[in-house]
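Visitor: I'm new here, so could you take me in for a close look at one part and show me how it fits with its surroundings?

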Amino acid sequence: MAVEPSRPGPSTPESPTSEPARTEPSTPGTVRPGGRTARVRAAVLRAAEDALVERGFSGLDLGDIAQRAEVGRTTVYRRWGGTTALVADLLADMAEQSLPRTDTGSLAGDLRANARLVRRTLADPRQGALFRAVIVAATCDPDAAEALRHFYRRRVEEWAPCVTAAVERGELPPDTDEFEVVRAVSAPLYYRMLTTAEPLDEAAADRAAEAAAEAARAGAYRRRDA
């Protein structure tokens, strides 16, 4: 489950010294998209990415992010209200920008494509640092954790049809849990990123995909209630 986002630069500057408004934040993603609203959101999310990569979740500050994005503090506080809501919106945006799944016509090819996309993202200096920061945020904040779960739910659901198709082709047992198979592909790559200094190369991605495919064929991911 990976992303390769590309956002425009900052929007037209507002006064970055405005005091935060004491109003309830709107729910991320509920503001009318397009035009200036979209430009402001893109600039703020890009600034939030930069701050997360540089300082981690504990170093996030809405005033600093507003200054980086060259938008007014009032705008940032009114829309997001806090760093947790901003991280949640960032994850929602990352899910929206994630590349669609690849359909190669075979389980091995599809899982390999998924594993290589995950590896490419996690091995990227910026994206890898960003994911580490978001994962840290999820360990200490329940709202950030829920946002991260939602992000991965969407990505797993995006790739699950490749397993369903493999079942229909007779490559896998009919009661295979497609979600567990997709999770099994990326799990070793995240483990390596978070716990070892070993390189995340294509060989590691291919091994993860092959192991998940072999286990699925052997029935390791059959639904227990089937």
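Guide: Helices α1 and α4 pack with their axes 10 Å apart, at an angle of about 105°. The two are therefore roughly perpendicular (65 to 115 degrees) to each other. Axes here are lines fitted to C-alpha atoms over the stretch in contact, with angles from 0 to 180 degrees between N-to-C directions; helices are DSSP runs (H or I, at least four residues) numbered from the N terminus. Keep in mind that this is a predicted model: local features need pLDDT of at least 70, side-chain atom pairs count only at pLDDT 80 or more, and totals for chains, interfaces and linings use all residues. Numbering starts from 1 along each chain as its sequence is written, and side-chain values use heavy atoms, leaving out hydrogens and water.

So who does the touching? On the α1 side you'll find Arg41, Val44, Leu45, Ala48, Glu49 and Leu52, and on the α4 side Leu86, Asp89, Leu90, Asp93 and Glu96 (contact means heavy atoms within 4.5 Å). Sorted by class, that's 6 nonpolar, no polar and 5 charged residues, where Asp, Glu, Lys and Arg are the charged kind, Ala, Val, Leu, Ile, Met, Phe, Trp, Tyr, Cys and Pro are nonpolar, and the others, Gly among them, are polar.

Let's pause at Asp89, which sits in α4, a helix spanning residues 83-97. Asp89 has 1% relative accessibility, so it counts as buried (under 20%, against over 50% for exposed and partly exposed in between, using a 1.4 Å probe and protein chains only). Its side chain makes a polar contact of 2.9 Å with the side chain of Trp80; that term means a pair of N or O atoms within 3.5 Å, where within protein one must be able to donate a hydrogen and the other to accept it, and residues adjacent in sequence count only if both atoms are side-chain atoms. The C-alpha atoms of Asp89 and Ala144 are 9.8 Å apart, though their positions lie 55 residues apart along the chain.

Ala144 turns up again at another α4 residue, Thr84. Leaving aside residues up to four places away in sequence, Thr84 touches Phe57, Asp141, Asp143 and Ala144. With Asp141, the side chain of Thr84 shares a polar contact of 3.0 Å. Thr84 counts as buried, because its relative accessibility is 15%.

Now back to α1 (residues 35-55), which also meets α6 (residues 125-140): their axes come within 8 Å and cross at roughly 80°. That makes this pair roughly perpendicular as well. Here α1 brings Arg46, Glu49, Asp50, Leu52 and Val53, while α6 brings Arg126, Ala129, Leu130, Ala133 and Val134. The tally for this contact is 6 nonpolar, no polar and 4 charged residues.

From α6 we can carry on to the aromatic rings. The whole structure holds 4 aromatic pairs (centres within 6.5 Å; planes under 30 degrees apart are stacked, over 60 edge-to-face, the rest tilted, with Phe, Tyr and the six-membered ring of Trp considered). One of them is Phe131 with Tyr190: centres 6.4 Å apart and planes at 70°, so it's edge-to-face. Phe131 belongs to α6 and Tyr190 to α8 (residues 178-195), 59 residues apart in the chain, and both are buried. Phe151 and Tyr152 are edge-to-face too, because their centres are 4.9 Å apart with planes at 80°. Both of these are buried, and Phe131, Phe151, Tyr152 and Tyr190 make up one aromatic cluster.

Notes
Parallel < 35°, antiparallel > 145°, perpendicular 65-115°, else oblique.
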